[in-house]
Amino acid sequence: GDDGVMALCLGLQEEESNDNCSCPLQELDLCWKNISIGGMNAIGETFANSTHLRKLNLSRNETITNDAMNAFVEAAKKMTTVVSSPLFPSLEYLDVSECSIGPAGVESLSKCLDIGATKRKTQLSLVISSNTIGPEGCRYISLLLCSPGREDVKLSSSLIASLSLSNCGVGDGGLDQLVSVAKERGGCCDGLKMLDLSSNGIGSRGAAVIGENLLYDKGCLNSLVELRLSANQLGSDGVVELTRGLGADDKGKSDGKKSSALRTLDLSNTNCGAEGASMALKCTSLSSLRLFNNKLGSEGFEAITPFLKGGHPSLVNLDLGGNNAKEDAVAGLLQALLHKEEDDCSTLRVLEIGGNEVGEEVESILKELERVRPELDIARDKPKVQQEMEQELQSFMQENKSN
């Protein structure tokens with residue numbers, strides 16, 4: 001609780017004020033400690049000027065409300081000795097996920113981190129997941145994404161390198177806010193490498209906004225390397241629009257625009273459909289693609305099979321698990337991977353097909369693939385017959401045990 005945190009901070013204050021400390025505190029985990037206003041005030045006072053603290057975890061404290069976050073910020077500001085010097089100057093990672101922070105709390109935090117941003121030596125990984133910040137909160141966060149994050153502005157114009165906003169009620173409106181603020185500031189979010197927007201109620205319109213802003217030539221998200229969009233109902237149309245920002249057109253060729261920097265894309269549980277999955281596989285800038293749990297079924301597997309003939313020219317990891325395809329469709333897809341030219345250029349190394357039907361035919365092809373493509377690791381469920389035998393054996397053992 002607050003009393004414990006305040007006592008801890010009191011004991012650390014002398015150490016934090018000593019630049020010559022022999023064993024400085026670099027990581028502090030206060031997850032799930034029932035912290036509220038008093039504790040946050042103590043943390044702000046103690047570490048505002050710390051040149052040691054690199055990582056601060058305040059997650060899973062439901063008592064950290066907007067008021068508590070404001071207390072943290074105000075306490076830190078009072079400790080400032082030099083005008084425009086950054087608060088928490090060495091902080092590289094901050095986790096406030098699963099608290100009770102809303103737009104007002106995000107506004108306080110954003111303004112705090114923006115102080116002296118150009119004098120920071122490193123960018124920040126920020127985790128705000130599972131706080132209901134909504135579109136309004138996204139507007140405040142966008143100020144950090146378009147704020148010079150290092151002394152050498154040429155290296156980055158974003159204070160944030162990694163941003164986790166899963167389950168924050170972002171929606172399509174929140175994406176509008178993120179993009180519009182960036183455009184208002186006349187720049188882009190260069191330096192933002194990872195963005196997690198999972199479980200945010202984003203639809204096809206939001207997906208189109210993201211796709212448009214992934215492009216090098218005009219997008220404010222053009223430096224992203226990893227994008228997580230799982231559990232948003234983007235739909236087939238949304239995924240198609242998204243992939244246009246990765247340089248793919250309906251024929252699977254470059255559309256003439258320079259593609260984005262994106263390498264890892266998670267489209268799990270997005271209702272992407274066969275067309276969306278096919279378009280995603282046409283994006284040759286990607287090295288990792290997750291299409292898990294999209295109800296592709298056998299028809300979906302048959303639709304994407306042509307794009308996996310002979311492997312894939314860029315993907316290293318591909319997740320097709322949980323799509324409930326029947327064995328004949330799974331076998332057809334694996335059969336396509338057996339095709340191998342003399343100048344084989346497939347980069348595929350990991351394929352996940354668990355959650356799809358596996359039987360004797362698939363097992364036979366897998367053995368052949370081990371010979372033809374020994375570099376390829378394929379994760380799958382046990383064959384149905386083997387599963388049934390194991391279940392019968394388990395039931396038999398339980399019956400004997402009860403007797």
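**Figure 1. Helix α3 in the predicted model has the length expected of its residue count.** Helix α3 covers residues 66–78, and its 13 residues should span 18 Å at 1.5 Å a residue; the end C-alpha atoms are 18 Å apart, so the two values agree. The model shown here and in the views that follow is a predicted one. Within α3, the buried residues are Ala68, Met69, Ala71, Phe72, Val73, Ala75 and Ala76. The elements that cover these buried residues include α2 (37–47) and α4 (103–114).

**Figure 2. Helix α12 packs its buried residues against a helix and a strand.** Helix α12 is formed by residues 360–372 and has 13 residues. From its first C-alpha to its last, α12 reaches 19 Å, close to the 18 Å expected at 1.5 Å a residue. The residues Val362, Glu363, Ile365, Leu366, Leu369 and Val372 of α12 are buried. These buried residues pack against α11 (327–338) and against β12.

**Figure 3. An open sheet of 12 strands with parallel pairing.** The strands follow the order β1-β2-β3-β4-β5-β6-β7-β8-β9-β10-β11-β12, and the sheet they form is open. At the edges lie β1 (27–29) and β12 (377–379), each of which pairs on one side only. From one strand to the next, the twist averages 5 degrees. Strands of a sheet pair through backbone hydrogen bonds, either parallel or antiparallel.

**Figure 4. Pairing of strands β10 and β11.** Strand β10 (residues 317–319) and strand β11 (residues 350–352) run parallel and are joined by 3 bridges. Asp319 has Glu352 in β11 as its bridge partner.

**Figure 5. Ser59, a buried residue in the loop between β2 and α3.** Strand β2 (55–57) and helix α3 are the elements on either side of the loop that holds Ser59. The relative accessible area of Ser59 is 5%, and the residue is therefore buried, the cut-off being under 20%. Its side chain makes a polar contact with the side chain of Asn57, at 2.7 Å. Leaving out residues up to four places away in sequence, Ser59 touches Leu30, Cys31, Trp32, Asp95, Val96, Ser97 and Cys99.

**Figure 6. Ser97, a buried residue in the loop between β3 and α4.** The loop that contains Ser97 lies between β3 (93–95) and α4. With a relative accessible area of 9%, Ser97 is buried. The side chain of Ser97 makes a polar contact of 2.7 Å with the side chain of Asp95. When neighbours within four places in sequence are set aside, the residues in contact with Ser97 are Ser59, Arg60, Val127, Ile128, Ser129 and Asn131. The contact with Ser59 links this view to the preceding one.

**Figure 7. Ala280, a buried residue of helix α9.** Helix α9 comprises residues 273–281, and Ala280 lies in this helix. Ala280 is buried, with a relative accessible area of 1%. Not counting residues up to four places away in sequence, Ala280 touches Thr243, Leu267, Leu286 and Leu289. Ala280 and Arg290 are 10 residues apart in sequence, and their C-alpha atoms are 9.7 Å apart in space.

**Figure 8. Asn271 and Lys295, two loop residues with positive phi.** Asn271 is not a glycine, yet its phi is positive, at about 55 degrees. Asn271 is placed in the loop between β8 (264–266) and α9, and at 43% relative accessibility it counts as partly exposed. Lys295, also not a glycine, has a positive phi of about 55 degrees. The loop in which Lys295 is found runs between β9 (288–290) and α10 (297–304). Lys295 counts as exposed because its relative accessibility is 71%, over the 50% cut-off.

**Figure 9. Cys168 and Cys220, two buried cysteines.** A disulfide is a covalent bond between the sulfur atoms of two cysteines. With a cut-off of 2.5 Å between cysteine sulfur atoms, the count comes to 0 disulfides. Cys168 is in no disulfide, and the nearest cysteine sulfur, that of Cys138, is 7.5 Å away. Cys168 counts as buried at 1% relative accessibility. Cys220 likewise counts as buried, at 4% relative accessibility.

Conventions:
Residues numbered from 1 in each chain as written. Predicted model: local features only at pLDDT ≥ 70, side-chain atom pairs only at ≥ 80, totals over all residues. Heavy atoms only, no water. Helix = DSSP H or I, 4+ residues; strand = E, 2+ residues; numbered from the N terminus. Expected span 1.5 Å × (residues − 1). Buried < 20%, exposed > 50% of the residue type's maximum accessible area, 1.4 Å probe, protein only. Contact = heavy atoms within 4.5 Å. Pairing = 2+ DSSP bridges. Axes fitted to C-alpha atoms, helices over the stretch in contact; angles between N-to-C directions. Polar contact = N/O pair within 3.5 Å; in protein donor to acceptor, adjacent residues only side chain to side chain.
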